[in-house]
Amino acid sequence: MLIKKIFHRIKQKGLRDTLLYVWNIGIADVLDYYKYSFQKKYKYPIGGYISAKDTIKKAKSSGLTVCEYVENLWNIKGQTDEIISELRIIGALKPCEEVCEIGPGTGRYLERILLEVKPKRYHIYEVAWDWAKYLEKKYSPAVIRHNADGHTLRYTPDNSCGLVVAFGVFVYLPVLNSFEYFMEMCRVVTKNGYIVFDCFLDESWNETVIQKWIKSGHTYPVLLPINLVVDFFKRRGCKLIHRFSKKYGCDFSDYLVFRKEE
Ligand SMILES: C[S@@+](CC[C@H](N)C(=O)[O-])C[C@H]1O[C@@H](n2cnc3c(N)ncnc32)[C@H](O)[C@@H]1O
């Protein structure tokens, strides 16, 4: 893009003016621009997700499980187990027949929830088709891959799942997209069933957090207002029973656990 801009300027204003322009914006700025573009495109693809084929191959060649491999990659060693422990302690991982997960990605939570909760059916709605296919094959017959439209849990009946989860999804979906899913989570969860997800809450952010994220070069975080979220679930019979926070990116995300009341 910048090269194009420079050629365009040479054409319009001549070589001398363009050299002065490049000098003024500074070589460091030019390099920074490329570093940022590179990171955005290849290192931290926004919207897309890490490739299943590459990740599985790299995990195998490092002698690690996919979960261990991504935990090392993201510098969150042991975190999946810590979160599962916290959910077990508060009773959200009781055995039930049906579980539903939005955006399971590599399946690092799915793998553990299957072992703990032992559901007959584990519905997944994942827009990254490569991971969805991999998970369905690897965890057959419990895992059922649904055609994810990115907004609904349309193939899962009302009041059918004892546990509905999403990890690392509502931290970056557009606000209304998250609320669409919240509505669906409340619809498919059974009475006494649990809804668990993490997100960035307005009340946990301040100037320091904003500066940290800007410095990190990641601009994907989306903040949700805690009062609005809790009230939204309450109106649908789901009560906030627990919350905690864990490292996410350069800071923390907040985990919320709701239970649908009788
Ligand atoms: C940051 S990753 C988290 C993956 C996994 N839950 C974890 O914690 O390791 C977000 C996941 O959500 C999926 N995703 C993004 N938008 C989605 C949407 N609208 N509906 C369903 N899944 C979505 C992505 O493909 C990706 O697998």
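Where does pLDDT stay under 50? Select residues 35-47: that is the stretch, and the model has seven contacts beyond four places in sequence for it. This is a predicted model, and where pLDDT is low, the predicted coordinates should not be read in detail. Hide the stretch for now if you like.

**The whole chain**

Zoom out and colour by confidence. Mean pLDDT for the protein is 90, with 89% of residues at 70 or more. Switch to cartoon and you should find 11 helices and eight strands. Of the 262 residues, 30% count as buried. If you draw contacts between residues at least 6 apart in sequence, 59% of them join residues at least 24 apart.

**Into the core**

Next, select V164, I195 and F197. These have the most contacts inside the largest nonpolar core, a set of 52 residues. Now add strand β5, residues 189-201: this strand gives the core its largest share, eight residues.

Stay on I195 and show what surrounds it. Beyond its neighbours within four places in sequence, I195 is in contact with V164, M185, V189, C238 and F258.

**Helix α6 and its two sides**

Select residues 79-89, which make up helix α6, and show side chains for T80, I83 and L87, all of them buried. They span an arc of only 70° around the axis, so they sit on the same side of α6. The spacing fits a general rule: an α-helix has 3.6 residues a turn, so residues three or four places apart point the same way.

Now spin the helix. S85 and I89, on the other side of α6, are exposed. To see what the buried residues pack against, bring up α5 (66-73), α7 (108-117), β5, β7 (238-248) and β8 (251-260). Before leaving, click on G91, just after α6: its phi is positive, about 85°.

**Two crossing helices**

Keep α5 on screen and add α4, residues 52-61. The two axes come within 9 Å and cross at roughly 95°. An angle from 65 to 115 degrees counts as roughly perpendicular, so that is how α4 lies relative to α5. For the contact itself, select T55, I56, K58 and A59 on α4, then V66, Y69 and V70 on α5.

Follow the chain out of α5 into the loop that leads to α6, and pick N75. N75 has a positive phi of about 55° although it is not a glycine. Is N75 buried or exposed? It has 9 other C-beta atoms within 10 Å, so N75 is exposed.

**Strand β2 and the turn to β3**

Jump to I124 in strand β2, residues 121-125. I124 counts as buried because 23 C-beta neighbours lie inside 10 Å. Measure from I124 to R145: they are 21 residues apart along the chain, but their C-alpha atoms are separated by 5.1 Å. R145 is also one of the contacts of I124 outside the four-place window, along with E101, P104, A132, L135, V143, I144 and H146.

Slide over to the loop between α8 (129-138) and β3 (143-146), where P141 lies. The peptide bond joining S140 and P141 is cis, with omega about 5°.

Then move on to N159, in the loop between β3 and β4 (161-166). Here is a second non-glycine case of positive phi, near 45°. N159 is exposed, with 11 other C-beta atoms within 10 Å.

**Out in the open**

Select residues 207-216, helix α10. How many of its 10 residues are buried? The number is zero, so α10 lies largely in the open. Just after α10, G217 has a positive phi of about 85°.

**Last stop: F252**

Finish in strand β8, at F252. F252 has 17 C-beta neighbours inside 10 Å and therefore counts as partly exposed. Show its contacts, again leaving out neighbours within four places in sequence, and you get S204, S245, K246 and K247. From F252 to S204 the C-alpha distance is 8.7 Å, across a sequence separation of 48 residues.

How values were computed: Residues numbered from 1 in each chain as written. Predicted model: local features only at pLDDT ≥ 70, side-chain atom pairs only at ≥ 80, totals over all residues. Core = buried A, V, L, I, M, F, W, Y, C linked by C-beta atoms within 7 Å. Buried ≥ 20, exposed ≤ 12 C-beta atoms within 10 Å, placed from the backbone. Helix = DSSP H or I, 4+ residues; strand = E, 2+ residues; numbered from the N terminus. Contact = placed C-beta atoms within 7 Å. Arc of directions from axis to C-beta. pLDDT = per-residue confidence, 0-100. Axes fitted to C-alpha atoms, helices over the stretch in contact; angles between N-to-C directions. Parallel < 35°, antiparallel > 145°, perpendicular 65-115°, else oblique.
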